[in-house]
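The exercises below ask you to read contacts, burial and strand pairing from a model. Work through each task before turning to its solution.

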Amino acid sequence: MTRIGFLMDLDRCSGCQSCEVACKYENGIALGEYWSKVLTVGPMGKYPDIQMYWLPVNCQQCQNAPCIEVCPTGASYRDSENGLVLVDKDACIGCKSCLGACPYGARQLNEEKQIVEKCTTCFHLDEPLCVRNCPGACRFIGDFDDPDSEVSKKLAVADPETVHQLSDSGNGPTTYYLLSPKYAQWQDVM
Amino acid sequence: MREAGISRRTLLKATALATTATAFGITGCNKVEPSEEPTVSAAEEIVEPTTNRHSNDGIPEDQYEKIKTTCHGCITNCTCEAYLLNGRLKKIVGVPGCRRNDGRICLKGMSQVQAVYHPNHLKYPIKRVGERGENKWERISWDEALDLAAQKIIDVKNRYGGGGLLASGGGGGSVTMFHLRKTIWEIGFWNLFEPGASQCLAPRTAATTMVFGLRTYLSMADGQGEDLFWPEDENCKCLAIWGTNPASHQTAGSGRLMRELRARGVKTIVIDPRFTPDAARADVWLPIRPGTDVALMLSWVRYIIEHEAYDAEFCMRWTNLPYLIDPDTEYCLTADKVFEDGNPEDYVVWDTLTNEPKPLPYYPFPEDIQPAFFGEYEFAAADGRQYKAMTGFEALKRAADEWTLAKTAETCWLQEETIEKALKVFIENQVSGIVHGVATDQHPQAEKAAQCACIIEGIMGHVEIPGSVLQQFGKKGVNQAGRPGCMEMTEEACINTLGTAKKYRALFAPSCNSHIPSVLDAITTGEPYRPVLWYDGSLNKLSALAEPNKWLEAAKSMEFIFGIAPYMTSFHYELCDLVLPSQEWSEMNDTVEHAFNQHISHRAVVHIGETVHPAVIASKVVEACSKYDDSISVEKVPGLTDEAYANSCAPKDMTWKDFCDLEDREGYYEKCSEEDYRTYRNYERFIDDATEPQGFPTPTRKAELYGTGFLRCRDTGLPFSKVDLGPILGPAEGDWRPLPYYREPEESPLTDKEYPLVMTCGRVPYFHHGTLRNNAYLRELYPAPELWINPETAQTYGIGDKDWVKVSSRRGTVTMRAWVTEGIAPGVLASERFWNPEKMEDPKNPTGGWQEMNYNVLSKETGDYCPEVGSYTLRGYQVKIERADSAPDGCWVEPKDFTPWLPEYSDSTEVVF
């Protein structure tokens with residue numbers, strides 16, 4: 001089985017949003033539409049004793065993807081070859097059911113084409129542009145089922161206290177975040 | 001637009017809620033077991049492979065043509081590749097090979113695609129046909145344009161001399177800063193200014209030269225702090241990031257490096273009113289009150305002396321701190337004044353073994369005396385004169401004495417224990433260092449802040465040692481002395497430089513020397529002479545200068561104004577008579593000569609319309625002038641054709657083509673090995689057959705931590721001015737002092753009742769200087785200047801998060817948008833420089849776009865100037881605020897508003913020259 005997902009090292013993320021811009025150039029995304037976002041979390045606390053971090057969010061590649069479950073046409077599907085959750089643009093009728101189903105708001109209606117799109121992990125490239133260009137080298141991608149992949153190795157050596165995922169109501173996201181408590185306490189923001 | 005995650009689906013719709021509702025202590029951790037077997041939902045169906053389904057429109061790597069080049073979205077010069085499809089630039093991708101960016105590139109760099117194909121990228125020269133400010137233009141040929149500029153320049157020169165001619169540079173990004181500096185003196189100009197000089201680089205470069213004699217400064221940006229870029233050596237253990245924001249201003253360069261350093265355990269202290277990304281990762285954050293940095297720095301000096309944490313060996317052997325000071329002249333006492341047959345090159349110290357003054361030869365250091373560091377001593381000179389003289393170290397100690405932790409905390413709005421914690425981290429983690437940013441350059445204590453940073457680094461011995469910020473690499477161990485700010489400048493121009501020649505002489509340190517308020521005053525009053533022609537090679541002077549309304553009024557009276565720019569800005573819209581279209585960085589052949597030990601090409605990948613490289617334009621202007629004035633020669637211009645300029649950018653004895661071929665074949669060109677490049681403790685080196693170590697390139701060959709360099713610059717203008725100004729103009733006017741002192745900002749929250757809030761600014765990752773405000777993907781992210789405001793202050797004024805706010809100073813009023821955040825102190829506000837290019841195309845109420853959201857409408861060009869370098873007040877002044885109902889009319893805020901600026905792709909054209 002392959003289980004492709006992102007690993008985001010939040011200790012290194014400064015919220016510059018270069019990943020958002022990289023995504024837009026690579027995928028030709030319209031103004032006002034996003035497959036990838038960076039949220040500012042905080043500052044928490046009271047001046048001057050405060051903490052803050054940034055949370056890059058795109059499709060979390062859920063193992064039990066609600067977007068697939070609700071799709072009436074089968075346009076949202078899991079690819080048998082690479083295991084990715086994807087959208088077949090020809091099959092999508094733009095009903096937006098999946099927009100409501102995604103717990104993270106990671107799907108985007110393409111207003112012009114009236115279909116739903118989202119992060120594809122840029123599987124047409126060796127490495128997504130958001131990972132390749134990331135100025136802070138915060139973003140990694142790989143197969144979490146391959147113990148020799150960079151992401152598996154990073155996860156294996158990470159202090160369990162630093163490892164986080166977005167809230168999981170059984171959908172099983174395959175994106176991991178590393179955030180050291182010395183920098184900030186993880187917040188359940190989505 | 002800043003988006004705070006709080007609930008589901010915020011990805012698509014930003015909510016106005018802030019996460020401050022979630023307090024500390026809620027763990028919220030979802031511990032994961034990565035080895036857990038994934039389960040596939042029963043509802044999911046495994047379907048046929050991707051190849052048969054249309055799930056991705058992306059273009060595979062092998063379909064692109066890739067050209068290696070270097071980004072010039074800011075001045076970091078990140079190595080990258082331009083990806084082209086059918087000859088059109090589609091994306092920018094970082095490539096490894098240089099330590100500066102390690103293969104990374106930020107959003108400013110990537111945005112070149114929308115910049116070069118911007119519908120408003122100027123494609124040919126245009127001449128004004130309506131009134132100034134009417135925005136009516138006609139296309140003219142390059143020959144006509146250059147001839148018009150030359151006729152006007154020579155006409156003014158013939159009538160008024162060099163004083164009639166004014167040039168300005170600056171900009172950044174695609175607007176390269178150096179071309180006017182290299183060309184205007186030949187034409188006969190007397191004045192060139194850049195907003196960046198006294199407000200940016202000059203105070204720090206001047207201080208480092210006056211203290212250490214070196215042409216470098218304490219920064220990790222702009223090619224400084226080079227040793228830090230070898231983080232794997234782990235020599236540096238702690239950095240004080242003082243008034244700089246590497247994560248935002250050089251995101252893939254020093255911003256990336258900071259993350260590497262922290263990951264390797266480097267401790268950090270961030271001194272910044274804003275809770276910047278680096279502050280959020282710092283060991284200690286000191287949210288200083290804007291404008292009070294020198295007080296905090298003096299408290300560091302005091303603490304280091306009091307706790308004897310200084311490097312006594314370095315201070316004794318390599319600084320002037322043990323020298324006795326002549327109380328009359330404030331210079332160090334030389335041996336000829338005290339001893340019979342004393343050597344004028346030896347200095348006088350107080351010997352604690354014999355309790356008498358002794359001459360101290362430069363080399364070797366005598367082993368039979370023990371000079372005192374501190375104290376004031378009475379003695380008689382050989383000629384009978386009675387002296388009461390203190391050591392340089394004693395004078396420094398006294399200058400810092402009042403800055404106890406308690407007084408500093410009160411003055412700087414900090415906590416005593418936080419200041420002490422920072423000092424302990426700085427002292428206990430050696431080698432530590434200060435990376436000093438632009439913030440302190442932007443108020444009247446600019447030079448004193450820069451001097452203080454040099455003093456702290458000097459007494460700690462952080463000078464050219466492994467891990468220190470201050471280095472002189474790539475000079476083969478030979479220290480390179482400070483030099484006249486502009487080698488090409490004429491003596492006549494130097495003596496007549498507005499403001500600088502008579503007062504702010506350290507402003508000769510960079511090569512853009514004129515004192516900005518003095519220039520404005522000269523245009524307005526005609527005193528001491530009136531510039532009537534303005535030649536600009538930057539971007540938007542009406543967003544970069546304090547009080548643009550005054551500039552607009554004054555400049556309207558000028559006879560002829562023309563600019564070189566890649567697109568129209570407020571300055572061109574309101575004032576210019578002629579605009580010459582310059583290239584965006586992806587159109588230029590250029591070079592990065594100092595990428596550590598490498599020399600890297602910056603290659604043109606596309607070419608739009610009739611744009612020309614700004615250096616070639618500047619050269620062509622000289623050539624056009626030479627047709628009307630025999631005294632002007634084109635001999636030294638950078639290049640009259642694109643090819644000639646490119647060839648001048650290649651390493652010596654190579655053509656541009658050879659250079660590019662070599663890079664393609666062998667990777668980046670190395671000037672020397674890394675080992676030869678990184679030379680430490682150059683001052684201890686014996687150069688060639690010397691019998692003495694070279695020391696520092698100061699007159700004493702010591703690091704002049706007691707500021708004799710300041711006195712010398714006051715008296716002569718040296719080492720920055722082209723000529724010794726002492727015999728011609730006498731000593732500089734103004735309050736020059738050899739040591740730092742604190743001065744409360746002229747507008748101060750301690751006394752100002754009418755404008756009670758302190759205002760400052762700082763960088764954001766989206767833009768470099770005045771650039772990119774017309775870039776659709778970037779303005780979508782940051783449509784309007786964010787106003788940082790503490791919840792307590794916001795509540796006082798009834799302002800909520802994302803509300804529009806009218807901000808007023810004694811100079812004017814603009815609109816910004818609130819970010820209500822605990823990341824700034826109550827009573828302090830921070831924002832970002834801004835202008836609104838969309839206003840120039842507003843069908844209803846067009847304006848130049850400089851007055852709606854421009855921070856510098858509020859900042860201050862009058863009053864206190866830094867005595868040494870003339871800096872005015874861009875940070876740390878007083879404002880008041882009130883809630884506004886909306887954004888100013890015609891300012892774009894919503895993402896779709898920026899649609900008119902999406903790229904208009906076109907085929908590349910032939911170069912013009």
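**Exercise 1: a covered helix**

What covers the buried residues of α13(B) includes β9 (238–242), β10 (267–271), β11 (284–286), α8 (293–306), α12 (405–412) and β16 (432–436) of chain B. The model is a predicted one, in which local features need pLDDT of at least 70 and side-chain atom pairs count only at pLDDT 80 or more, while totals for chains, interfaces and linings use all residues. Residues are numbered from 1 along each chain as its sequence is written, and chains are lettered from A in the order in which they are written.

Task: which residues of α13(B) are buried, and which are exposed on the other side?

Solution. Begin with the element itself: helix α13 (residues 416–428) of chain B has 13 residues and reaches 18 Å from its first C-alpha to its last, close to the 18 Å expected at 1.5 Å a residue (the expected span being 1.5 Å times one less than the number of residues; helices are DSSP runs of H or I with at least four residues, strands runs of E with at least two). Next, apply the burial criterion, by which a residue is buried if 20 or more other C-beta atoms, placed from the backbone, lie within 10 Å of its own, and exposed if 12 or fewer do. The buried residues are I419(B), A422(B), L423(B) and F426(B). They cover an arc of only 100° around the axis, which puts them on the same side of α13(B) (the arc is that of the directions from the helix axis to the C-beta atoms). On the other side, E417(B) and E428(B) are exposed.

**Exercise 2: the sheet beneath**

Task: determine the strand order of the open sheet of four strands in chain B, and find how α13(B) packs on that sheet.

Solution. The order is β11-β10-β9-β16 (chain B), with parallel pairing, where two strands pair if DSSP finds at least two bridges between them. The edge strands, β11(B) and β16(B), each pair on one side only. Within the sheet, β9(B) and β10(B) pair in the parallel sense over five bridges, and L239(B) has T268(B) in β10(B) as its bridge partner. Finally, α13(B) touches β9, β10, β11 and β16 of chain B, and its direction makes about 130° with that of β11(B); contact requires C-beta atoms, placed from the backbone, within 7 Å, and angles run from 0 to 180 degrees between N-to-C directions of axes fitted to C-alpha atoms, for helices over the stretch in contact.

Conventions: Two residues are in contact if their C-beta atoms, placed from the backbone, lie within 7 Å.
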